[in-house]
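I opened a fresh page for this one and went through it a topic at a time. Here are my notes, in the order I looked things up.

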Amino acid sequence: MNTIGHLINGEVCTDSERTQDVFNPATGLATRKVALASVETVEQAISCAEAAFPAWRNTPAIKRARVMFRFKALLEANADKICQMIGEEHGKISHDAAGELQRGIENVEYACGAPELLKGEHSKNVGSNVDSWSEFQPLGVVAGITPFNFPAMVPLWMFPMAIACGNCFILKPSERDPSSTLFIAQLLKEAGLPDGVMNVVNGDKVAVDVLLSDERIKAVSFVGSTPIAEYIYSTASANGKRCQALGGAKNHAIIMPDADMGNVVSQLLGAAFGSSGERCMALSVAVAVGDDAGDALVESMAEAMSDLKVGAYSDSSNDFGPVITAQHRDKVVGYINHAEEQGATIVVDGRSPEVEGFSNGFFVGGTLIDNVTPDMVSYKEEIFGPVLQVVRVNTMQEAMELIDNHEYGNGTCIFTRDGEAARYFSDNIKVGMVGINVPLPVPVAYHSFGGWKRSLFGDLHAYGPDAVRFYTKRKTITQRWPSSGIREGAEFSMPTMN
Ligand code: NAD
């Protein structure tokens, strides 16, 4: 069986003392192995990155950007191959994988603007013959640790901007679907990136812990579940590193009584069940305001769900694929069982879907649960599966309190025709990314992405303008070229502009 290795100093290598199986979740079969990096392998990658840093730091930003231009073209030319790899290991349908890759490429396009983004700030004559400017210098060697659910897009949130800013990068992708990520990183060499600037170490906690403790790593970007995000943030910060750690989610949509129900249902179908609900922006809770809205929603949604098609990635007529592992399938089914035991109504039951020809795949069908209440386990925790839960409330205020009281604050949305209600909602809700009649308000690449509360630990969001700040440190220089003699310009009190 083929073993997926690491990318160190421009070469693919493996230290296959420890490996883990990689599955095709549609067939349920292990198809490859992935090497789990040892401490020494990660240290070697860091050494190579450190050696590459001085030359890369001093490479003009325009030349660094040209690598990104070529990289973008290579990603586009290899799109089908990348989507195939994503399908084989993650299970998402080819149209969904293509969407993920496109959103990733948009981050490369943003990184192509590095010369403009790194221009800095200049003030002439802040005092007589004194000029001052701030410039943004790279940090050195920085690391990214990424989740299984976007093996192409989430790494592309991180390393293109970090590298365009002049840093060297160590990426630790998810060990569950590592092939597309490694292949994407290999394209950088073809794009003209010097060896050692971009490195990939596959692995598990062993590799992550080296990245969190080695003093040569200056910053860590993490995306994954909240318990691990919290661990990464506290450990990296305690070790003096800059850190941003994005965690899990429970995204609510408020359905107001005046909402266009046809539009709501078609939007929720994709937002709740697309990618099997394995998106941190998946809409997993619909909060219906008033019983009329609740009844209409449940009735129309159940009807629309009768057409949902779950199946293998290779058939693009499928709406969504399997979940990532057998254990995760059992966990999702466990949440549905819990909801039923705690008194919720299972309106559409996806616990045992029939998928012809794929009886051993890790499939869960689209599931709709009504009469969910905030004390239920399935409401409190992130399910990360194709499950939409309906909570019924009487007022918009009640709906907003529900969202504000939830531990997560990644994304949310309101469906309404009332501009005043929408404006009040977006202004006051305690969530980082808000949609108004837009169910998946994932910011475009030139804004930044991040949640509030326990969906993000750190100060700066991912990609966009925040990434330029995260991957650089400000240096402010004040200069005067004196023309006077000794002591003439001596200043003993705090300098002012007077
Ligand atoms: P995960 O937390 O299990 O794994 C993420 C990364 O952390 C992987 O690279 C993994 O190898 C590593 N890791 C796992 N356990 C570790 C440990 N004990 N110590 C050190 N490293 C460890 O997440 P996942 O299951 O791969 O991804 C799904 C989760 O990611 C969901 O909770 C989802 O909401 C979240 N997510 C969040 C965002 C966001 O932007 N907020 C985006 C995508 C996914």
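**Entry 1: negative patch.** I began at the surface, where E299, E303, D307 and D319 gather in a patch of negative charge. I should say at once that I am working with a predicted model. I then picked out D307 and found it in the loop between α11 (291–305) and α12 (326–341). Is D307 buried or exposed? It counts as exposed, because its relative accessibility is 64%, and the cut-off for that word is over 50%.

**Entry 2: positive patch.** Next I looked for the opposite charge. R57, K218, R242, K473 and K475 form a positive surface patch. I checked one of them, R242, and placed it in strand β12, which covers residues 242–246. R242 has 32% relative accessibility, so I noted it as partly exposed.

**Entry 3: salt bridges.** How many salt bridges are there? I got a count of 26, and I wrote up a few of them.

My pick to begin with was E100 with K92, whose side chains meet in a salt bridge at 2.6 Å, N to O. I looked up the cover on each partner: E100 is buried, and K92 is buried too.

Then I turned to D96 and R279, whose side chains meet in a salt bridge at 3.0 Å, N to O. Where do the two partners sit in the chain? D96 is in helix α4 (residues 94–111), while R279 is in the loop between α10 (261–273) and β14 (283–289). The pair links distant parts of the chain, with the two positions 183 residues apart. Both D96 and R279 are buried.

My last pair here was R392 and D291, and their side chains also meet in a salt bridge, at 3.0 Å, N to O. R392 belongs to strand β17 (residues 387–393) and D291 to helix α11, so this pair ties together parts that are 101 residues apart in sequence. R392 is partly exposed, with a relative accessible area of 23%. D291 is partly exposed as well, at 48% relative accessibility. I followed the connections from there and found that D291, D295, D370 and R392 are linked in a network of salt bridges.

**Entry 4: two polar contacts.** I moved on to E175, which lies in the loop between β9 (168–172) and α7 (179–190). Why does E175 count as buried? Its relative accessibility is 18%, and buried means under 20%. What does its side chain touch? The side chain of E175 makes a polar contact with the side chain of K172, at 3.4 Å.

S132 was my other stop. I found S132 in strand β7, residues 130–138. S132 counts as buried because its relative accessibility is 14%. A polar atom of the S132 side chain lies 3.2 Å from the backbone oxygen of I477.

**Entry 5: positive phi.** I checked the backbone angles with a simple expectation in mind: most residues other than glycine have a negative phi. Two entries went against that. N129, which is not a glycine, has a positive phi near 60°. N129 lies in the loop between β6 (121–127) and β7. N129 is exposed, with a relative accessible area of 59%.

S275 is my second case, and its phi is positive too, at about 55°, although S275 is not a glycine. I located S275 in the loop between α10 and β14. Is S275 buried or exposed? S275 counts as buried, at 4% relative accessibility. I set these two side by side in my notes: N129 is exposed, whereas S275 is buried.

**Entry 6: a long span.** To finish, I looked at L460, which has its place in the loop between β22 (456–457) and α16 (464–470). L460 is partly exposed, with a relative accessible area of 26%. How many ångströms separate its C-alpha atom from that of K33? I noted 35 Å for L460 and K33, which are 427 residues apart along the chain.

Conventions. Residues numbered from 1 in each chain as written. Predicted model: local features only at pLDDT ≥ 70, side-chain atom pairs only at ≥ 80, totals over all residues. Heavy atoms only, no water. Patch = residues over 30% accessible without salt bridge, like charges linked within 9 Å, V, L, I, M, F, W, Y side chains within 5 Å. Areas by Shrake-Rupley, 256 points an atom, 1.4 Å probe, with all protein chains shown as cover. Salt bridge = Lys/Arg side-chain N within 4 Å of Asp/Glu carboxyl O. Lys, Arg positive; Asp, Glu negative; His and termini not counted. Charge placed at Lys NZ, Arg CZ, Asp CG, Glu CD. Helix = DSSP H or I, 4+ residues; strand = E, 2+ residues; numbered from the N terminus. Buried < 20%, exposed > 50% of the residue type's maximum accessible area, 1.4 Å probe, protein only. Polar contact = N/O pair within 3.5 Å; in protein donor to acceptor, adjacent residues only side chain to side chain.
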